[in-house]
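User: Please take a close look at one part of this model. I want the contact between two of its domains, and then the surroundings.

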Amino acid sequence: MTQSSTTETHCPYCSLQCGIVLRQREGKFEVEPQSDFPSNRGGLCAKGWTSAELLSHPDRLTTPLVRDHRDLPLRPGTWDEALSRMVSAFGAAQGRHGRDAVGCFGGGGLTNEKAYQLGKFARVALGSSAIDYNGRFCMSSAAVAGSRAFGIDRGMPFPLDDIAETDAILLVGSNPADTLPPAMQFFDAASERGARRVVIDPRRTATAAKADLHLQPVPGTDLALANGMLHVAVRQGLIDEAYIAARTTGFDAVRRAVRLYWPDRVERITGVPESALVEAVRILGTARRAMILTARGAEQHRAGTDTVSAFINLALALGLPGRPYSGFATVTGQGNGQGGREHGLKADQLPGYRRLDDPAARAHVAAVWNVDPGELPLPGLSAYEMLDRIATPGGVRAMWVLGSNVVVSAPNAGHVAEQLRRLDFLVVSDIFRSETAELADVVLPAAQWAEETGTMTNLEGRVVLRSAATAPPPGVRTDLQAISDVALRLGKTGFSDDPETVFEELGRASQGGKADYSGIGYARIRAGDGVFWPCPSVRHPGTPRMFTVDFPTPDRRARFCVTEQGDAAEPPDTRFPYYLTTGRLLKQYQSGTQTRRVGALAAAEPAPHVELHEQLARRIGVVDGDPVLLRTRRGEAVMAARIDRAIRPDTVFVPFHWGGRGSANLLTNPVLDPHSRMPAFKVCAVAVERAQPSSPNPDKEQSR
Ligand SMILES: Nc1nc2c(c(=O)[nH]1)N[C@H]1C(S)=C(S)[C@@H](COP(=O)(O)OP(=O)(O)OC[C@H]3O[C@@H](n4cnc5c(=O)[nH]c(N)nc54)[C@H](O)[C@@H]3O)O[C@H]1N2
Ligand SMILES: Nc1nc2c(c(=O)[nH]1)N[C@H]1C(S)=C(S)[C@@H](COP(=O)(O)OP(=O)(O)OC[C@H]3O[C@@H](n4cnc5c(=O)[nH]c(N)nc54)[C@H](O)[C@@H]3O)O[C@H]1N2
Ligand code: SF4
Ligand SMILES: [Mo]
């Protein structure tokens, strides 16, 4: 590296993949937004501005760590030592318990190249069906609902800046003011043109505060709300009969099903006043152009998939998908949450969004991988199930976690940590000693974003290139190198550690699949602002807007899907009388491994807290900052009270960015959506009381 250099690249964190310029001067990095990149247009959030701080952080792992015995601490080791322990432990587990005894757990922050390679590694080098990823906790319900309605799952089927041109927006369980701040410029631009915004969220978030209308339902009742909205739209003649007839199937059954969702009944289920429901429908149904967007608040439920389907039904009935500046979208969260599932990190998927149980898909991918299709495993267990069944018959005995911190982010995390301790062998690849790395037998120090090149697929389906700006520190290897090294020691070649070579192979493996990347190359991405998939040939322009002519289903029509609001998975009762919901803060990211180590972000949000309404605070006798004890059927957690009037008085909200005693996931319910296997992070029953003075100060407990 020269004394000073400038690299155009992308932020390491969320799905917006903001374009940034990384400047290196005398060994120090500074971040600036690219002024013209289409997803951020000169904007960045506090996480992006401070992202370079981690490149030279003193906590950075720069050598492998190994544990000589369960009771001994991790100690620095060599790569050779770490890799040979891994390979012999994997061999021992498979020798004793069969191929599926070794599992891989990936992350939606990994580049497409890594996602692809880890999927191939599991299926070819290990011959194991046990692979899944944290995107199961994130995108899976929307993915199933999107596929079942539209025949394809691309989070946003239109570019972000289309939002600026729409006339009405419904945001369901999505808080972009905190989770995608630079994207707010598109919503604001729409409002300046006169667009109306409706937000559905049990909390009056920064996003809801800026809306024209805020519906504040009981957590977990969005499905009833959507059906109620469709009921009203039908009754008021706001549906688009011509669109329904020409472009969809299955409406009659849905029309019949929503007849029972009278607004007063919906009000009883959701707590949303009939007048607000009717007003929301009027805003959406009378606009020339309208968009419905869902995010985790609607999706992370036992009925998350059906809830998304219910909102897709509403969008279809209003004739929105495929129409200019209109449509349905789900707002992807992780940097590469979209690409991760397209290229094989998911238990049931092969590259190109192919299905692992489809013989033609197996044959295509097996040919690229140079293996017999019969050798490819069948679909394995979903993320939580893989963790839950550790050390049981058919479960994994050894595991490689790459790019996820499940001890903090998985539901019922106390149980998950116990399960990880029952493994014969745990390997974690990370940049830092995460809570999950602390339980490992081997920790591999990984290169991070600016130290390696790779592609990311952002929330729009835009494939961008994150270019290396510097070399990894001595002792650190890229994840691709680690995968290649382990594969070689298992006697497998064909696992390149060169990102561009892997991307070209990924292109071939995806060719002809739904997520076809075969026409995308590094040079082409560099030459523009990324390329939208599907892009089936080098001459194909890419696909910024989908569904404009038809849908990729067998009859080219979108499919309605009947949905019913069922009973709550865990209704409040006398022992656990309130609703607990969980989510995010503006200035922390995910499990916090990264952002808890950034000075300005840690200063802004130093410790876990529980947001509760002042009525509830008064009832349990706490004032702002007091320690609060939360108890659910899974466990208990202690954190400081943050009192406001922005949340429903029957609901408390806990951000999940911390481990230890204030960890939200000690409380959450791991009940899974039957279609997507998504855990119900967004609602369970909780008891809320003042923590006894003997309880240690949660602030002190949590700082690292
Ligand atoms: N600052 C920051 N930004 C991030 C992340 C981060 O950790 N920090 N993570 C990224 C990732 S991976 C993701 S997935 C996205 C997530 O982005 P969002 O989905 O916007 O974030 P969440 O906070 O999980 O949930 C959104 C809202 O859902 C509401 N909610 C809770 N329960 C319900 C319910 O039952 N119904 C409805 N309608 N709403 C409900 C919560 O009050 C919350 O305001 O953010 C991405 N961006
Ligand atoms: N209660 C509750 N729990 C939730 C959610 C919620 O709303 N509520 N949301 C869920 C959602 S949507 C998500 S996406 C998950 C996210 O949860 P996690 O999967 O835990 O997310 P991260 O904290 O991003 O974990 C990424 C880890 O990989 C490391 N890392 C970063 N880059 C690299 C890399 O290039 N290589 C390697 N090897 N490691 C890297 C980071 O340091 C970090 O430790 O949490 C889920 N859990
Ligand atoms: S919005 Fe997302 S991609 Fe943009 S700077 Fe913030 S964290 Fe990074
Ligand atoms: Mo996510």
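How many residue pairs are in polar contact between domain 1 and domain 3?

Analyst: This is a predicted model. Between domain 1 and domain 3, 2 residue pairs are in polar contact, with both residues at pLDDT 80 or more. By class, the side of domain 1 that touches domain 3 has 6 nonpolar, 4 polar and 2 charged residues.

The charged link comes next. The count between the two domains is 1 salt bridge. R41 forms a salt bridge with D161. Their closest N and O atoms are 2.7 Å apart.

Now the wider frame. The domain assignment of the chain places domain 1 at 4-56 and domain 3 at 141-330. Domain 2 is assigned in two segments, 65-138 and 338-532. Domain 4 covers 578-690. The C-alpha centres of domain 1 and domain 3 lie 33 Å apart. Domain 1 gives 12 residues to the contact, and domain 3 gives 10.

Next, the area. About 700 Å² is buried between domain 1 and domain 3. Carbon and sulfur atoms give 65% of that area. On the domain 1 side, L16, R41 and C45 supply 52% of what this domain buries against domain 3. No other three residues supply more. R41 thus appears twice: in this trio, and in the salt bridge with D161.

Beyond the contact, there is a sheet to follow. It is open, has 7 strands and shows mixed pairing. The strand order is β5-β4-β18-β17-β16-β6-β7. The edges are β5 (75-76) and β7 (131-133), each pairing on one side only. Inside the sheet, β6 (residues 102-106) runs parallel to β16 (residues 398-402). These two strands are joined by 4 bridges. C104 stands opposite W400 in β16.

Two backbone details complete the view. Most residues other than glycine have a negative phi, and most peptide bonds are trans. N412 is not a glycine, yet its phi is positive, at about 50°. N412 is found in the loop between α18 (406-409) and α19 (413-421). The other detail is a cis peptide bond, from W533 to P534, with omega near -10°. P534 lies in the loop between β21 (531-532) and β22 (558-559).

To return to your request: the contact between domain 1 and domain 3 has 2 residue pairs in polar contact and 1 salt bridge, with about 700 Å² buried.

Technical notes. Residues are numbered from 1 along each chain as its sequence is written. Chains are lettered from A and ligands numbered from 1 in the order in which they are written. This is a predicted model: local features need pLDDT of at least 70, side-chain atom pairs count only at pLDDT 80 or more; totals for chains, interfaces and linings use all residues. Side-chain values use heavy atoms; hydrogens and water are left out. Domain bounds come from an automatic or database domain assignment. Contact means heavy atoms within 4.5 Å. Buried area is the accessible area (1.4 Å probe) that two parts lose on being put together, summed over both. A salt bridge is a side-chain nitrogen of Lys or Arg within 4 Å of a carboxyl oxygen of Asp or Glu. A polar contact is a pair of N or O atoms within 3.5 Å; within protein, one must be able to donate a hydrogen and the other to accept it, and residues adjacent in sequence count only if both atoms are side-chain atoms. Ala, Val, Leu, Ile, Met, Phe, Trp, Tyr, Cys and Pro count as nonpolar, Asp, Glu, Lys and Arg as charged, and the others, Gly among them, as polar. Two strands pair if DSSP finds at least two bridges between them.
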